[in-house]
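User: Could you take a close look at one part of this structure for me, the sheet and what surrounds it? I would like one connected account that I can follow with the model open.

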Amino acid sequence: MSEIKYGLISKVDAACVEKTLDLIIAGFPEETINVCEVGLFNCQTSHGVHDYILSKGRAASMTGIDNERDKLIHPPGWMKFIRGNSNEVYNKVPDGSQHFIFVDGLHTFPAVVSDFFCYAPKVKVGGFIGFHDVGQHLDKLSGWQG
């Protein structure tokens, strides 16, 4: 695993993200890598993903989605920021356009299932969708933004 920082995600999760990005980079050797993160908080995970892709000599195009209910988002200049609830703004991301979708928004099981159905069509064939901090141990109705 690299020394790149990913914010609040664990080292194990960061290693998984890097392995996934390695597969994407190998599978799409001539393309700019398009990544969409659902749920930004402080944009540190996006910074890590962006930095990792650049460290591999590849270009990255990043889209971030957040409703700013936890806090105001100050996205980096290289990020396309979409403000809103993930299940209401998903149509602003073109179908089949993303190599990697990282869902880290509202951490309830129903919200993650909703995000899966909203964002799975956005992934390119051969791309990946990943989820962070979801489980039945979390409050089914509130998660982080209740």
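Analyst: Happy to help; here is a walk through the sheet, the helices on it, and the contacts around its strands. Please keep in mind that this is a predicted model.

Let's begin with the sheet itself. It is open and built from five strands in the order β3-β2-β1-β4-β5, with parallel pairing. The edge strands are β3 and β5, each of which pairs on one side only. From one strand to the next, the twist averages 15°. As background, strands of a sheet pair through backbone hydrogen bonds, and the pairing can be parallel or antiparallel. At the β3 edge, β2 and β3 run parallel and are joined by five bridges. One pair to pick out there is T63, whose bridge partner in β3 is K80.

Now for the helices that lie on the strands. α1 lies across β1, β4 and β5, and it runs at about 165° to β4. α4 also packs on the sheet, where it touches β1, β2, β4 and β5, and its direction makes about 165° with that of β5.

α2 deserves a slower look. Its 12 residues should span 16 Å at 1.5 Å a residue, and the end C-alpha atoms are 16 Å apart, which agrees. Which residues of α2 are buried? They are T45, S46, G48, V49, H50, Y52 and I53. The cover over these buried residues includes α1, β1, β2, β3 and β4. After α2 comes G57, with a positive phi near 80°.

The loop that leads into α2 has some backbone detail you may enjoy. Most residues other than glycine have a negative phi. F41 is not a glycine, yet its phi is positive, at about 50°. F41 sits in the loop between β1 (33-38) and α2 (44-55). C43 lies in the loop between β1 and α2 too, and its phi is likewise positive for a residue other than glycine, near 65°. How exposed or buried are these two residues? F41 is partly exposed, with a relative accessible area of 40%, whereas C43 is buried, with a relative accessible area of 2%.

Next, the charged pairs. Side chains of opposite charge can pair when their charged atoms come close. A search of the whole structure finds three salt bridges, and we can take them in turn.

At strand β5, K124 forms a salt bridge with E31, and the closest N and O atoms are 3.3 Å apart. K124 lies in β5 (residues 123-131) and E31 in the loop between α1 (11-27) and β1, so this pair ties together parts that are 93 residues apart in sequence. Both partners are partly exposed: K124 has a relative accessible area of 22%, and E31 has one of 31%.

At strand β3, the side chains of R83 and E68 meet in a salt bridge, at 2.3 Å from N to O. R83 lies in β3 (residues 79-83) and E68 in the loop between β2 (60-66) and β3, so the pair ties together parts that are 15 residues apart in sequence. R83 is exposed, with a relative accessible area of 51%, whereas E68 counts as buried at 14% relative accessibility.

In the third pair, the side chains of D95 and K122 meet at 2.7 Å, N to O. This pair links distant parts of the chain: D95 is in the loop between α3 (86-89) and β4 (98-103), K122 is in the loop between α4 (109-119) and β5, and the two are 27 residues apart. D95 counts as exposed at 54% relative accessibility, while K122 is buried, with a relative accessible area of 4%.

Finally, let's look at V123, which lies in strand β5. V123 counts as buried because its relative accessibility is 15%, and the cut-off for buried is under 20%. What does V123 touch, leaving aside its neighbours within four places in sequence? Its contacts are G96, Q98, H99, I101, F128 and I129. V123 and F100 are 23 residues apart in sequence, and their C-alpha atoms are 6.6 Å apart in space.

To bring it back to the sheet: β5, home of V123 and K124, is an edge strand, as is β3, where R83 lies.

Definitions and conventions: Residues are numbered from 1 along each chain as its sequence is written. This is a predicted model: local features need pLDDT of at least 70, side-chain atom pairs count only at pLDDT 80 or more; totals for chains, interfaces and linings use all residues. Side-chain values use heavy atoms; hydrogens and water are left out. Helices (H or I, at least four residues) and strands (E, at least two) are DSSP runs, numbered from the N terminus. Buried means under 20% relative accessible area, exposed over 50%, partly exposed in between (1.4 Å probe, protein chains only). A salt bridge is a side-chain nitrogen of Lys or Arg within 4 Å of a carboxyl oxygen of Asp or Glu. The expected span of a helix is 1.5 Å times one less than its number of residues. Contact means heavy atoms within 4.5 Å. Two strands pair if DSSP finds at least two bridges between them. Axes are lines fitted to C-alpha atoms, for helices over the stretch in contact, and angles run from 0 to 180 degrees between N-to-C directions.
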